[in-house]
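Dear colleague,

I am passing on the structure we spoke about, and I would be glad if you could read the notes below with the coordinates open beside you.

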Amino acid sequence: MYKTVHIVLVIAILTLLFLLTMVVRDQPSAILSIFSRADSAVSTEVSGTETSIQYDHLEQFYFTRNYSAYDTLSYADKVSLKKSQAIITQIKDNCRKMGFSTTWNLLTDFSKPRLLIAKSKNHILYGSNPKTGSTSFKKFLFHLDGDFYSDNFSGNPRGHYEIVKEATFFSSENRINFKDYVKIFSVRNPITRLLSAFRNKQLRKNQFFVPTEGMSDRQQFVKLIKILVSKKGKLRNVHFMPQWEQMDFCRFPYDVVIQFEEAQRYTRLVQSLTNTTHTEYPGSRTETGLNDHDTLYYVGELWGALSSDLKKQVYAIYEMDFKLLGYTKVWEPSFPLFYYQDLLPENA
């Protein structure tokens with residue numbers, strides 16, 4: 001009898017383990033394993049010489065080389081760091097699922113984001129992604145040098161930072177120092193980013209067409225979307241280009257991601273990592289992220305003006321942004337956040 005009971009128990013345990021395996025397989029693997037993978041990221045030695053490091057997955061993270069600095073962070077910043085690493089991990093996993101490489105070799109690879117900015121004094125490398133808070137970040141770099149009055153942050157850096165060119169920055173000297181830079185990029189839900197670009201480039205500046213008298217914001221938005229669709233997303237304006245085409249976030253070894261919807265959390269983390277907390281981080285000119293009333297209002301007001309067919313075509317243009325970044329679409333309950341937002345770590 002006891003032998004029969006033991007056999008039944010063994011079968012039950014094996015069945016339970018099998019079911020758990022199936023559940024885990026169906027979950028975002030990067031988020032479920034974030035604690036073990038993040039811990040390995042900060043304790044693993046990067047192999048190779050300083051000029052031939054091959055970055056793959058979590059090995060690129062800042063604290064791989066600066067583990068002792070982790071203790072200087074506040075508890076809130078440690079949570080933000082884990083969240084940031086979890087987001088990057090998920091993006092890398094999504095990239096691999098779509099067949100993209102996630103490996104970047106310091107010695108042989110010269111690919112980089114479309115606009116990569118270096119602030120050597122503070123060891124900052126920033127991949128500038130339009131309409132994700134990039135103007136505020138560049139303004140912050142100006143402020144670090146005591147320049148609080150300039151208002152042109154895109155056309156002329158005026159010595160406050162260097163726009164990276166492969167031939168100049170990826171020289172032997174800078175390769176040696178590359179690992180000491182904190183490499184940052186920012187992302188945003190493609191739909192709110194599109195609406196923000198429309199507000200800035202069309203409503204304020206009329207860059208695409210001059211509206212006829214009495215033309216409402218809704219009518220202008222529909223007209224611009226029809227132009228965008230007719231050109232299959234290839235407008236000659238980086239603010240409307242898909243993010244994945246500009247940022248190389250599958251391969252480039254970023255350390256920190258600034259999620260626009262929680263920008264305040266991640267910009268505070270960046271300041272802590274770069275010892276720049278003495279300089280106040282400037283807010284956006286018109287938007288404050290997730291809780292910005294204007295942006296969310298325009299989602300309902302403008303997006304609702306599009307036909308179902310136009311909406312499908314817009315989603316097709318930004319399809320890879322949604323798949324690689326993992327952002328939700330307008331009709332989904334957690335819009336405009338990531339589909340895995342609730343799975344991000346809440347404790348340091």
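To begin with a small point of register: which residue in β6 is the bridge partner of I124? The partner is V182, and I should say at once that this, like everything below, comes from a predicted model. The pair belongs to the ladder between strand β4, residues 124–127, and strand β6, residues 182–187, which run parallel and are joined by 4 bridges.

The sheet

These two strands are part of an open sheet of 5 strands, whose order is β5-β3-β4-β6-β7 and whose pairing is mixed. The edges are taken by β5 (162–163) and β7 (256–259), and because each of these has a single partner strand, one side of each is left without a neighbour in the sheet.

Helix α5, which spans residues 75–97, packs on the sheet and touches β6 and β7, with its direction at about 95° to that of β7. Helix α12, residues 263–273, also packs on the sheet with contacts to β6 and β7, and its direction makes about 150° with that of β7.

Between β6 and β7 the pairing is again parallel, over 4 bridges, and within it I184 stands opposite V256 of β7. Along β7, V256 and I258 point one way while V257 and Q259 point the other way, yet all of them are buried.

The core

I184 appears once more in the largest nonpolar core, which has 77 residues, and where F137, I184, F185, I225 and F249 touch the most other members. In soluble globular proteins, nonpolar side chains tend to be buried together. For I225, if one sets aside neighbours within four places in sequence, the residues in contact are L194, L306, L310 and V314.

The loop before β5

The other site that I would ask you to look at is D145, in the loop between α6 (134–144) and β5. Is D145 buried, exposed or partly exposed? Its relative accessible area is 33%, so D145 counts as partly exposed, the limits of that class being 20% and 50%.

Beyond its neighbours within four places in sequence, D145 is in contact with K119, K121, G159 and H160. With K121 there is a polar contact from side chain to side chain, at 2.8 Å, while H160, which lies 15 residues away along the chain, has its C-alpha atom 6.8 Å from that of D145.

With best regards

Notes
Residues are numbered from 1 along each chain as its sequence is written. This is a predicted model: local features need pLDDT of at least 70, side-chain atom pairs count only at pLDDT 80 or more; totals for chains, interfaces and linings use all residues. Side-chain values use heavy atoms; hydrogens and water are left out. Two strands pair if DSSP finds at least two bridges between them. Contact means heavy atoms within 4.5 Å. Axes are lines fitted to C-alpha atoms, for helices over the stretch in contact, and angles run from 0 to 180 degrees between N-to-C directions. A nonpolar core is a set of buried Ala, Val, Leu, Ile, Met, Phe, Trp, Tyr and Cys residues joined through side-chain atoms within 4.5 Å. Buried means under 20% relative accessible area, exposed over 50%, partly exposed in between (1.4 Å probe, protein chains only). A polar contact is a pair of N or O atoms within 3.5 Å; within protein, one must be able to donate a hydrogen and the other to accept it, and residues adjacent in sequence count only if both atoms are side-chain atoms.
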